[in-house]
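Q: Please go through the structure below and give, for each label or value, the reasoning that stands behind the wording.

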Amino acid sequence: MTIAPRTLGLVLLAIGLAAFPLLSPNAFAYDLAVRVLINAVVVIGLNLLFGYTGQISLGHAGFIGLGTYASAVLTTHFNWPPLVALVAGAAGTGLLAFVIARPILTLKGHHLAMATLGMGIIIAIALNNEMHYTGGSDGMSVPAFTIGSWTLSGDRNWYALLSILLLAAVWTASNLVDSPAGRALQAIHGSEVAARIAGVDVAGVKVKVFVLSAIVASVMGSLEAHYLEFATPDTAGFVRSIILMTMVIVGGMASIPGSLVGAALLTLLPQVLSTFEDGETIVFGIILIVTMIFMPNGLVPTLSNRLTRLRS
Amino acid sequence: MSALEVSRLSKHFGGVAAVDDLSFTVEAGSIHAIIGPNGAGKTTLINLLSGIYAPSAGVITMMDETVTGFSPDRLARLGLSRTFQNIQVCMNMDAISNVMVGGQTRVDSGFFAGLLHLPHIRKADAALREEAAALMAYVGLSQYRTAQASQMPYGALKRLEIARALAAKPKILLLDEPAAGLNHSETDEIRKLIEHIAKAGVTVLLVEHDMKLVMQVSTRILVLDYGKKLAEGTPEVVRADPQVIAAYLGVAA
Ligand SMILES: Nc1ncnc2c1ncn2[C@@H]1O[C@H](COP(=O)(O)OP(=O)(O)O)[C@@H](O)[C@H]1O
Ligand SMILES: [Mg+2]
């Protein structure tokens with residue numbers, strides 16, 4: 001039996017994730033790795049919605065923010081156990097996404113972009129205004145993640161947990177895109193009318209993938225809050241939504257490996273570029289523009305296409 | 001039994017009556033052609049029959065079930081499939097996946113099953129892939145077995161749409177100008193294909209401009225003009241109809 005490329009990819013990813021701690025990384029490196037992992041999982045969800053199904057969301061950080069603040073507020077003000085707060089946040093976010101998905105996702109192109117943008121901004125404003133609960137723009141502290149008497153603490157443990165979550169995300173997302181449901185997503189991207197004629201309930205499928213990606217973002221928002229032990233409304237902000245979209249586009253539309261590359265690159269690049277001091281944003285922008293000009297499909301799809309062409 | 005029965009069907013776009021109080025019947029197992037000049041309402045009729053548009057008035061009956069206003073995916077499950085005058089191939093996918101999309105109603109397209117790649121999905125999907133490959137061979141596209149849709153020429157894409165429609169195992173197949181833009185030999189291939197499909201028991205509704213093709217394959221012909229029925233009958237009857245000759249055939253010849 002031959003090993004499917006995605007199984008091989010998953011094994012390589014697992015080896016890579018397991019090998020990282022062997023390099024004895026310092027606290028700074030661990031912290032970066034954890035941020036990459038959190039973003040990567042969110043970007044995989046967003047790629048299912050945007051890269052595969054072709055439905056833009058410029059408000060996805062709003063869903064992260066809902067998870068973040070569900071965890072922050074419910075644990076701090078109501079003494080809920082973190083895991084219960086996380087699940088409640090995910091359920092609430094999923095419900096909200098479900099309710100708004102049908103009207104929003106009948107929109108196309110610019111209109112969908114504007115609607116999701118508005119959604120994200122409204123969430124961010126709401127989090128900012130509920131001063132009493134959220135501390136407004138100053139943010140609020142969040143307790144450590146505990147289950148019973150066990151506390152999740154230390155960079156290594158967070159890294160381990162998030163590595164497992166990333167592997168689970170990569171595995172399930174790769175499964176999905178290689179299944180009839182995933183084909184329906186891509187068919188909607190390619191031609192909605194063809195998908196409908198082929199028997200795809202286009203509106204229903206769009207709702208499902210929107211809700212799925214929102215729940216993923218919410219869960220990661222909850223975990224991020226407990227990891228940082230702090231929550232600010234910036235988590236839900238417009239800038240973060242744009243960065244998430246950029247991760248999808250630069251890494252590669254409709255590419256799971258691309259999601260990882262995009263998340264890693266755009267999380268790490270600002271750190272590397274900080275040596276340029278004021279020039280940081282400019283260099284960052286130039287890299288993005290150059291990528292889009294020479295690799296409009298994103299890094300991973302472009303490079304893998306070149307590889308296959310070289311081989312044949 | 002009639003495969004399709006259309007009764008007093010109308011579709012208005014603003015002031016334009018694209019389909020105007022139209023009634024006709026398509027016998028099961030027949031190749032029923034719809035001809036008429038550009039703008040006669042042929043595509044609009046196909047869009048009504050396939051659920052893309054809801055009619056302004058009238059009733060559509062499919063295999064003795066009233067299906068007026070049904071969504072396209074619901075009609076697909078009842079056995080109706082179609083191709084498009086303006087090609088609707090998913091250019092973001094490879095050729096064989098496009099064909100597999102056609103078989104969507106016959107596999108479990110649930111998210112949960114997909115996320116976990118449950119064994120029954122893996123099995124059904126492998127079978128569907130083989131069927132899709134066989135269908136590509138059937139329509140003469142074996143050479144594009146591993147191609148991306150975006151790499152294929154126009155004529156091949158037209159056939160890819162037919163393969164996708166067939167993957168649904170339809171009882172009724174609507175073809176909107178399958179030979180448009182094709183050269184002589186390609187048109188001949190399409191003719192043979194349509195005849196094969198009908199012989200396999202699929203009812204074919206064929207919208208086509210190529211008169212030679214229409215006269216060769218059709219059991220019956222419906223002639224539309226300004227959304228209304230101008231004439232209807234066997235190829236011989238329609239060919240001899242003075243009104244048809246004046247309005248349509250005369251111009252084309
Ligand atoms: N979506 C639409 N909106 C407005 N008018 C339309 C639409 N679709 C078709 N029409 C009009 O309906 C008439 C019939 O068009 P169509 O069905 O495409 O004709 P055919 O396929 O016979 O060439 C034309 O006058 C066309 O302009
Ligand atoms: Mg037409």
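Q: How far apart are the mean positions of the positive and negative charges of chain A?

A: In this predicted model, the mean positions of the 13 positive and 13 negative charges of chain A lie 20 Å apart. Lys and Arg are counted as positive, Asp and Glu as negative, and His and the chain ends are left out.

Q: What makes chain A as compact as a globular protein of its length?

A: Chain A, with 14 helices and 4 strands, has a radius of gyration of 19 Å, and since the globule rule gives 20 Å for 312 residues, the two values are close, so chain A is as compact as a globular protein of that length. Along the principal axes, the C-alpha atoms of chain A fill a box of roughly 60 × 50 × 45 Å. Among the contacts in chain A between residues at least 6 apart in sequence, 78% join residues at least 24 apart.

Q: Why is Leu12(A) called exposed?

A: The relative accessible area of Leu12(A) is 54%, and the term exposed applies over 50%, so Leu12(A) counts as exposed. This residue is part of helix 1 of chain A, which covers residues 5–19. From Leu12(A) to Val41(A) the separation is 29 residues in sequence and 17 Å in space, taken from C-alpha to C-alpha.

Q: Why does Thr291(A) count as buried?

A: Thr291(A) has a relative accessibility of 11%, and buried means under 20%, so the label buried follows for Thr291(A). Thr291(A) sits in helix 13 of chain A, residues 280–294, and, when neighbours within four places in sequence are left aside, is in contact with Val250(A), Pro296(A) and Leu299(A). Over chain A as a whole, buried residues make up 50% of the 312 residues.

Q: How much of the accessible surface of chain A belongs to carbon and sulfur atoms?

A: The accessible surface of chain A comes to about 14100 Å², and carbon and sulfur atoms account for 70% of that surface.

Q: What is the area buried between chain B and chain A, and which residues of chain B lose the most area?

A: The size of an interface is often expressed as the accessible area lost when the parts come together. Between chain B and chain A about 2600 Å² is buried, with 66% given by carbon and sulfur atoms. On the side of chain B, Gln104(B), Phe111(B) and Leu115(B) lose the most area to chain A, together 26% of what that side buries. The contact takes 33 residues from chain B and 29 residues from chain A.

Definitions and conventions
Residues are numbered from 1 along each chain as its sequence is written. Chains are lettered from A and ligands numbered from 1 in the order in which they are written. This is a predicted model: local features need pLDDT of at least 70, side-chain atom pairs count only at pLDDT 80 or more; totals for chains, interfaces and linings use all residues. Side-chain values use heavy atoms; hydrogens and water are left out. Helices (H or I, at least four residues) and strands (E, at least two) are DSSP runs, numbered from the N terminus. The radius of gyration is taken over C-alpha atoms; the globule rule is 2.2 Å times the number of residues to the power 0.38. Buried means under 20% relative accessible area, exposed over 50%, partly exposed in between (1.4 Å probe, protein chains only). Contact means heavy atoms within 4.5 Å. Accessible areas come from the Shrake-Rupley method with a 1.4 Å probe; for residues, only the protein chains shown count as cover. The place of a charge is taken as NZ of Lys, CZ of Arg, CG of Asp or CD of Glu. Buried area is the accessible area (1.4 Å probe) that two parts lose on being put together, summed over both.
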